[in-house]
Amino acid sequence: MRSSDLSHDGPSTGWLGYWIGRLWMTAFGWDVEGEIPRGHRKAVLIAAPHTSNWDLPHMLAAALIFRVRISWMGKHTLFRWPFGWFMRWLGGIPIDRRSPHGMVSQVAGRYRDADQLVVAIPPSGTRKRTAHWRTGFYHIAREAEVPVLCGYLDFSRRRAGLGFLLFPTGDLAA
């Protein structure tokens, strides 16, 4: 894997982080495919499908292999004592889904304030099987003026990967 504009050196994304991610994925028989697109320091990473509690550790391990420090949105109850500090350290952003008002603007504001930011957002908004994706990730990317990076976890093939970039145009139906 090559480093890119989305990657940076640090305690979690340097060579040690890379090998921790590799060790995790190897232990579970997983691998990664794809690469980080060049020329972008910010992106909304859609993480699909979100069907298991194992999604988070596999996603974080893949990010370490790609050498990208990611943030992720999770239900606010994950951030309670005694593990709240650990979830935040892993890049978690607590979301209270009971009052979603202003969430798009708040997350878009984080992009404006950051030199580099990748936030993983499950488009389904839940681990339950859904017929349609929610659109919050799209609105965040549009308001923050950043691309959407498509990511996936394929449990049947035991692969985590990155696909293409999507640039929001404002035409959600398209």
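This note covers the aromatic pairs and a surface patch in a predicted model.

1. Aromatic pairs overall. The structure contains eight aromatic pairs. Two of them are taken up in the next points, followed by a ring cluster and a nonpolar patch.

2. Y18 and W19. The ring centres of Y18 and W19 lie 5.0 Å apart and their planes stand at 90°, so this pair is edge-to-face; the cut-off for that class is over 60 degrees. The two partners differ in exposure: Y18 has 12% relative accessibility and therefore counts as buried, whereas W19, at 52%, counts as exposed.

3. W30 and F155. Here the ring centres are 4.9 Å apart with the planes at 85°, so the W30–F155 pair is also edge-to-face. This pair links distant parts of the chain, since its members are 125 residues apart. W30 sits in the loop between α1 (15–27) and β1 (31–33), and F155 sits in the loop between β6 (148–154) and β7 (159–166). W30 is buried, with a relative accessible area of 7%, while F155 is partly exposed at 33%.

4. Ring cluster. W24, F28 and W54 are joined into a cluster by ring pairs.

5. Nonpolar patch. W15, L16, W19 and I20 make up a nonpolar patch on the surface. Together these residues have about 520 Å² of accessible area. W19, a member of this patch, lies in helix α1 and is also the exposed partner of Y18 in the pair described in point 2. Because exposed means over 50% relative accessible area, W19 falls in that class with its 52%.

How values were computed
Residues numbered from 1 in each chain as written. Predicted model: local features only at pLDDT ≥ 70, side-chain atom pairs only at ≥ 80, totals over all residues. Heavy atoms only, no water. Phe/Tyr/Trp six-rings, centres within 6.5 Å; stacked < 30°, edge-to-face > 60°. Buried < 20%, exposed > 50% of the residue type's maximum accessible area, 1.4 Å probe, protein only. Helix = DSSP H or I, 4+ residues; strand = E, 2+ residues; numbered from the N terminus. Patch = residues over 30% accessible without salt bridge, like charges linked within 9 Å, V, L, I, M, F, W, Y side chains within 5 Å. Areas by Shrake-Rupley, 256 points an atom, 1.4 Å probe, with all protein chains shown as cover. Salt bridge = Lys/Arg side-chain N within 4 Å of Asp/Glu carboxyl O.
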